[in-house]
Every structure is written in C-alpha cells, then in structure tokens.
Amino acid sequence: MTTTTLTRPAEDVEQGEQHGTDLVRYAFRADELVAAAPRPTARIGAVIPAYNEAGTIKRVLRGLLAQTRLPDAIHVVVNNTTDRTFKIAGKLAGEHVVRRAGREQRTTVYVHDIGTNRDKKVGALNYGFQLVQDMDLLLGVDGDTVMERTALAELEAEILSDPRIGGISAVYTVDNRNVRNPLATLLLTGQRAQFAAFNMQNMVRGRNMAVLGGQASLFRVGALREVMAEYHQAAPWVSDSEVEDSLLSLQIKNVGYSTKISATARAEVGGMTTLRALDGQQVKWNYGAIDLMWPGQRGDTRGQPLHPNLRLRWLENLGMVVNASTRLLFLLLLAASLSIHAFVFSPLWLIPPVLAVALNVRIARSMQDRTWRDVLYAATLVPAELYMWVRIGHFVRAWTKFATRSRTDNWAAQARAERGAGWAYLSPLLVAVAGFAACAWVWVSLPMIARTSLLWVGWPLLAVVTIAQSVFMLARLVRPQYGYRV
C-alpha cells in the first residue's frame, strides 16, 4: 500500500477528513501519520451525438446529471438536425454542482451544433472525442438513452478494476410500458426480448461483449489512441462501416484489450415503434455485420470472419437461416400435403414450439425489470413468432443488399424510415407472396407421382433439420446463466 508521511501535530489527528473529493483516513503510528491511498478515480468525458433528438435529449441529460458519479464534462454534439434539439439541450448547458453522499461533484454541460455533418454519427463521435481526449475515459451515450443512477459509477469501477479492459457496455433494454398501440407494443416487447437474448449470450461467454454499442459504453481513451495508431486513423470511429461500434470493438480487441459487458450497469434505450423504422435500423445493423464478417466492401474494412467478436454474429446468421428455412419449408409442405389430403398429424411436431416457449420464458425471467407484457409475449408463442417473421424479413433484405453489392446509404435509409418515408420494408412480404404463388402454380402443374415424391423427401428433410434445431434450443435452455440479469 502506498503511504504518505504527514508532518503535523498529533493533536490535529482525526479519524477521517474530507479533502476535496477524496476521504483520507489516518492511522497514528508513534510520531507519524499514515494516509491510505485513495480509491482510484478517473476523469470521464461524456459525448452524446444527437440527431433530431428533441423528444428525448432532456431526459438523457437529466439522467446523466442524476448519476451518483457525475461525468467531469458532458458534450452534446448536435448534427444534421432539423428540430429543436439544440435549443432544448441548451437549457441545461453550463456548470452543475451537486452534493451526494457527503461529496460535492461538479460537471459542465456543453452543447455544440456542428451543422451539416457528412459522416453523421461517426463525425459527431469523433468531434466529441477531440473535446475529451485529455481525459482518461470516454462515455458514449446515444441521444435517446437514459442511464440508471448508478450506471456510470458501476461502469467506472469495472473498467478501472482491470487494465486489460478497453471498453465496457451497459446492459441495455427498451421501455414497453406506456404504449397503447398494439403494433408498437409488439415491436417494443420483441426488441426487449431480442436485446435480452443478445446480452445474455455475451454474459455467459465470460462477459465478453461482441459490440460496445453506442447506446451506453465507457471507453479507455488510451485504448482508442492505440487503435488510431495501429490502424493509421485520424480518429477512433471511421465511416468505412455502417456499424461503427462493431468495427471499433473489433479494433480494440485486435490491439490487445478486452471488450466487456457490465454485470450491473443498466440503461434504457429508445426503441422503434413502427415496422418501417425497425426495418431501417435492423437492416443497417445486419448489413454492417455482414460487411465485417465477409471481405469488406467499404473503404479499408477487411472481412474478419474468424474474429472472436464475430463468432456470435455467425451463430445469429446461421440461426436465422435455420429459422427461416424450417418455417418456410413447413408451410410449403403443410399446404402441399393438405392439398392432396396426405397430411398426418404427429405430436412430435409440438416439441419445437414447446422448447421455443420454454426458451422465451427463460429469457423473460432473466430480465431484471420484466413486465407482464414480456411474460405474455414469451408464454403465448404467437407474438414471438410474428416478431421472428419480421426479423427474417430484415435478415433477407440485408443479405440481398450485400449479395447485389448495393451501395445504398443505410444511415440515410434509416433516417427516412424513422421519418415515415419509404416502402422497402414491405419487399420481403411481396417477395414471399409471389414465391408462394409460384410454388402453388408449379405444384398444381406436377403429376401426382411427382407430388408424392416431393413430400416423401421433404418431410424427412425437415424432420432432420428440426431435430438439430431442437437440440440447439435444448442446449441453450439448460445452459447456466450464473445468476446474471438482463
């Protein structure tokens, strides 16, 4: 333990004194005083990239100002905005002084409007990085994310406890409580289940986080500098990828740091309440992930299919292939069998749905703040099945865009979708309808012997794939969760 000898009269000795922000405790040894080394602390700069966040930016800032451990500075970087984000955030600009647990804390809120920004969120993050690069840690918070009161203190404690950690993400979820629209309720509850499953998968893998999401993550500034030096970048985030957070997470891992998810720190993020907006967000995420897994298509983003941070992404994509294939094949075979009165029901086909319900319920029970909607969503199967079909549409759209080497600006596409523009989200449904119509025409054109032969081959093939899928679900169902809550 580091000690400091203090030369002052023994009569001034007290059990403990407040010096600035650190409590120093003294022990009397004969004729000297020894001060214990204070708990490690760091300077933290928060960066909030804000694009049209007038409806949420006040809650985000109030959430940061309510933290038990305040950031040392908060920078709101408004960019490409057409609403009142700057004016609303500006009302909270300036110095804030609070006293919590007997300690005075100070922070200053700065609001910057950088106008038109070609690099969008990436440009805003890098602008913020320049403002806090002299600090020890950078807290990245989205303009619609509200952190729980103790979240920053918990993130700081975890990242300082191990110098190998380059970045750590909070456990994030979305709010589905105060929504009356049935479709919005379904989508928000589905996103909660999706995020919960993703977070739990990272937690049980040693809390190694595949993606330090922009929602609420704390970065070691030294690690960001090493990334810049290793990859010859002018800033930590680059626009070569549409999932800038995933790419930076890979780079942090590649320079020798670990990327973690917190065991306790939590944050609530804004969810998508329309099919159009959800499609824009998820297609961008899926496309960007594919771009990282495959040989890179943008800038200098090389494909890294075997990277540890991408293994979970490969499993997700493989799972979506199996989910889509089994569902489509079952519907086709069922329709074909019924058309010639050849369908024979077997109770064995109920095993996969039962396992799916059990797995969904387990995920719901692992949520720290679960609602009755989460439990109902998991236990009744139908809502989860509908949301799965929506996700399959996103998956198909993303892979189609990648396979056709589409150069669409998915950031702009998401922004348009959130404004209520565009109809691309309906394309998977239209393709599915056309595909089923084509299959029906081919089916009725075939002779009976060909139809029975297809059924004779199709049902056993589906059974084999379904058995493998059921074994995988069973393995996830019995896998220990070590008491983690998402």
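Buried residues make up 48% of the 486 residues in this protein. The model is a predicted one. Its secondary structure comes to 15 helices and 13 strands. Take the contacts between residues at least 6 apart in sequence: 78% of them join residues at least 24 apart.

Start with the aromatic rings. The structure holds 12 aromatic pairs. One of them joins Y287 and F402. Their ring centres are 6.1 Å apart, and the planes meet at 70°. The pair is edge-to-face, because planes over 60 degrees apart count as such. Y287 belongs to helix α8, which covers residues 275–293. F402 belongs to helix α12, residues 382–403. The two residues are 115 apart along the chain, and the pair links distant parts of it. Both Y287 and F402 are buried.

F402 has another aromatic partner, W399. The ring centres of W399 and F402 lie 6.0 Å apart and their planes stand at 80°, so this pair too is edge-to-face. Here the partners share a helix: W399 and F402 both lie in α12. They are 3 residues apart, about one turn of the helix. How buried or exposed is each of these two residues? F402 has 8% relative accessibility. That is under 20%, so F402 counts as buried. W399 has a relative accessible area of 22% and is partly exposed. Put the rings together and a group appears: Y287, F395, W399 and F402 form one aromatic cluster.

Helix α8 also holds a charge placed over a ring. R276 is the residue to find. Its charged end sits over the ring of W423, 4.7 Å from the ring centre.

Now look at how helices pack. Two packed helices are described by the angle between their axes and the distance between the axes. Begin with α8 and helix α9, which spans residues 311–339. They pack at an angle of about 120°, and their axes are 11 Å apart. The two helices are therefore oblique to each other. Their crossing is left-handed. Which residues make the contact between α8 and α9? From α8 come W285, A289, I290 and M293. From α9 come R313, W314 and N317.

Follow α9 to its packing with α12. The angle between α9 and α12 is about 115°, with the axes 10 Å apart. That makes α9 roughly perpendicular to α12. The crossing of α9 and α12 is left-handed. On the α9 side, the contact is made by N317, M320, V321, N323, A324, R327, L328 and L331. On the α12 side, it is made by E385, M388, W389, R391, I392, F395 and W399. Some of these names have come up before. N317 of α9 is also part of the contact with α8. F395 and W399 are among the members of the aromatic cluster.

Next, visit single residues elsewhere in the chain. S470 is found in helix α15, residues 448–478. Its relative accessible area is 11%, so S470 is buried. Leaving out residues up to four places away in sequence, S470 touches P352 and L355.

R370 lies in a loop, between α10 (351–365) and α11 (372–379). At 39% relative accessibility, R370 counts as partly exposed. Which residues does R370 contact, leaving aside neighbours within four places in sequence? They are R192, A364, R365, V375 and R485. R177 is 193 residues from R370 along the chain, yet the C-alpha atoms of R370 and R177 are separated by 9.9 Å.

Two asparagines close the tour. Both concern the backbone angle phi. Most residues other than glycine have a negative phi. Phi of N52 is near 50°, a positive value. N52 is found in the loop between β5 (44–50) and α1 (57–65). With 25% relative accessibility, N52 counts as partly exposed.

Phi of N80 is near 55°, again a positive value in a residue other than glycine. Where does N80 lie? The loop between β6 (73–78) and α2 (85–90) holds N80. N80 has a relative accessible area of 22% and is partly exposed.

Key: Residues numbered from 1 in each chain as written. Predicted model: local features only at pLDDT ≥ 70, side-chain atom pairs only at ≥ 80, totals over all residues. Heavy atoms only, no water. Phe/Tyr/Trp six-rings, centres within 6.5 Å; stacked < 30°, edge-to-face > 60°. Helix = DSSP H or I, 4+ residues; strand = E, 2+ residues; numbered from the N terminus. Buried < 20%, exposed > 50% of the residue type's maximum accessible area, 1.4 Å probe, protein only. Lys NZ or Arg CZ within 6 Å of the ring centre and 35° of its normal. Axes fitted to C-alpha atoms, helices over the stretch in contact; angles between N-to-C directions. Parallel < 35°, antiparallel > 145°, perpendicular 65-115°, else oblique. Left-handed = near helix turned anticlockwise from the far one by under 90°. Contact = heavy atoms within 4.5 Å.
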